[in-house]
Amino acid sequence: MTEQITDVSKRGARFGFGANWARFLTQVDAERIALAEQSLLNWLERENLEGLRFADVGSGSGLFSLAARNLGATVHAFDYDPQSVGCTQALRERYRPDDEGWIIERGDALDKDYLARLGSFDVVYSWGVLHHTGEKGLSL
């Protein structure tokens with residue numbers, strides 16, 4: 001990762017959301033997954049996500065990555081917080097083990113070099129994440 005991550009980390013500006021997401025995972029069930037799927041379909045005004053590339057920036061629990069994957073998108077999920085990455089991986093293991101259409105990794109939305117390596121996406125989902133950065137004019 002770039003110097004940008006190190007600088008932010010030294011300031012202590014990052015909150016570890018992973019513990020919160022780990023507790024949330026105990027509440028993820030078929031009904032919650034279906035609600036997340038319907039939320040995405042309503043938001044995107046689509047019947048499915050077949051053939052779309054979906055980036056989940058700050059994947060947190062992984063619920064919306066799972067929903068997007070269930071709806072047919074290929075998913076690239078990343079989060080800065082290692083515990084959040086672990087939560088997303090746990091959901092994949094529970095519902096879609098060994099799914100090659102769902103990449104999960106630790107990454108930083110403030111790292112322009114990292115973002116450039118990801119390529120382009122049809123949908124960039126970052127609900128409740130980017131406003132925490134304090135950065136203006138982020139481009140994905």
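# A parallel four-stranded sheet with packed helices

Strand β1, spanning residues 53-57, and strand β2, spanning residues 74-79, are paired in the parallel sense through five bridges. This pairing belongs to a predicted model, in which the protein chain has six helices and four strands. Followed along the sequence, these elements come in the pattern α-α-α-β-α-β-α-β-α-β, and the four strands form an open sheet with parallel pairing, in the order β3-β2-β1-β4.

**The sheet and its edges**

- The strands β3 (102-106) and β4 (123-125) stand at the edges of the sheet, and because each has a single partner strand, one side of each is left without a neighbour in the sheet.
- From one strand to the next, the twist of the sheet averages 15 degrees.
- Within the pairing of β1 and β2, the bridge partner of R53 is T74 in β2, while F54 has V75 of β2 as its bridge partner.
- On the β3 side, β2 and β3 run parallel and are joined by five bridges; in this pairing H76 has I103 of β3 as its bridge partner.
- Strand β2 is largely enclosed by the rest of the structure, because five of its six residues are buried.

**Crossovers between strands**

- The path from β1 through α4 to β2 makes a right-handed β-α-β unit.
- A right-handed β-α-β unit is also made by β2, helix α5 (residues 82-95) and β3, so that β2 takes part in both of these units.

**Helices on the sheet and against each other**

- Helix α3, which covers residues 30-44, packs on the sheet and touches β1 and β4, and its direction makes about 125 degrees with that of β4.
- Helix α4, which covers residues 63-70, also packs on the sheet, where it touches β1, β2, β3 and β4; the direction of α4 makes about 170 degrees with that of β2.
- Besides their contacts with strands, α3 and α4 pack against each other at an angle of about 70 degrees, with their axes 9 Å apart, and the two helices are therefore roughly perpendicular to each other.
- On the α3 side of this helix pair, the residues in contact are R32, I33, A36, E37, S39 and L40, and they meet L63, F64, L66, A67, A68 and N70 of α4.

**Individual positions in the loops**

- G72 lies in the loop between α4 and β2, and with a relative accessible area of 15% it counts as buried, because this value is under the 20% cut-off.
- Leaving aside residues up to four places away in sequence, G72 touches L49, E50 and G51; of these contacts, G51 is 21 residues from G72 in sequence, whereas the C-alpha atoms of the two residues are 6.7 Å apart in space.
- E45 has its place in the loop between α3 and β1, and its phi is near 55 degrees, a positive value in a residue other than glycine.
- The relative accessibility of E45 is 74%, so this residue counts as exposed, the cut-off being over 50%.
- D98, which lies in the loop between α5 and β3, likewise has a positive phi in a residue other than glycine, with a value near 60 degrees.
- With a relative accessible area of 70%, D98 is exposed.

**Totals for the chain**

- The protein chain has 140 residues, of which 42% count as buried.
- The accessible surface of the protein chain comes to about 7,900 Å², and 49% of this surface belongs to carbon and sulfur atoms.
- When contacts in the protein chain are taken between residues at least 6 apart in sequence, 68% of them join residues at least 24 apart.

Technical notes: Residues are numbered from 1 along each chain as its sequence is written. This is a predicted model: local features need pLDDT of at least 70, side-chain atom pairs count only at pLDDT 80 or more; totals for chains, interfaces and linings use all residues. Side-chain values use heavy atoms; hydrogens and water are left out. Two strands pair if DSSP finds at least two bridges between them. Axes are lines fitted to C-alpha atoms, for helices over the stretch in contact, and angles run from 0 to 180 degrees between N-to-C directions. Contact means heavy atoms within 4.5 Å. Buried means under 20% relative accessible area, exposed over 50%, partly exposed in between (1.4 Å probe, protein chains only). Accessible areas come from the Shrake-Rupley method with a 1.4 Å probe; for residues, only the protein chains shown count as cover. A crossover is right-handed if, with the strands pointing away from the viewer, the path from the first strand over the helix to the second runs clockwise. Angles under 35 degrees count as roughly parallel, over 145 as roughly antiparallel, 65 to 115 as roughly perpendicular and the rest as oblique.
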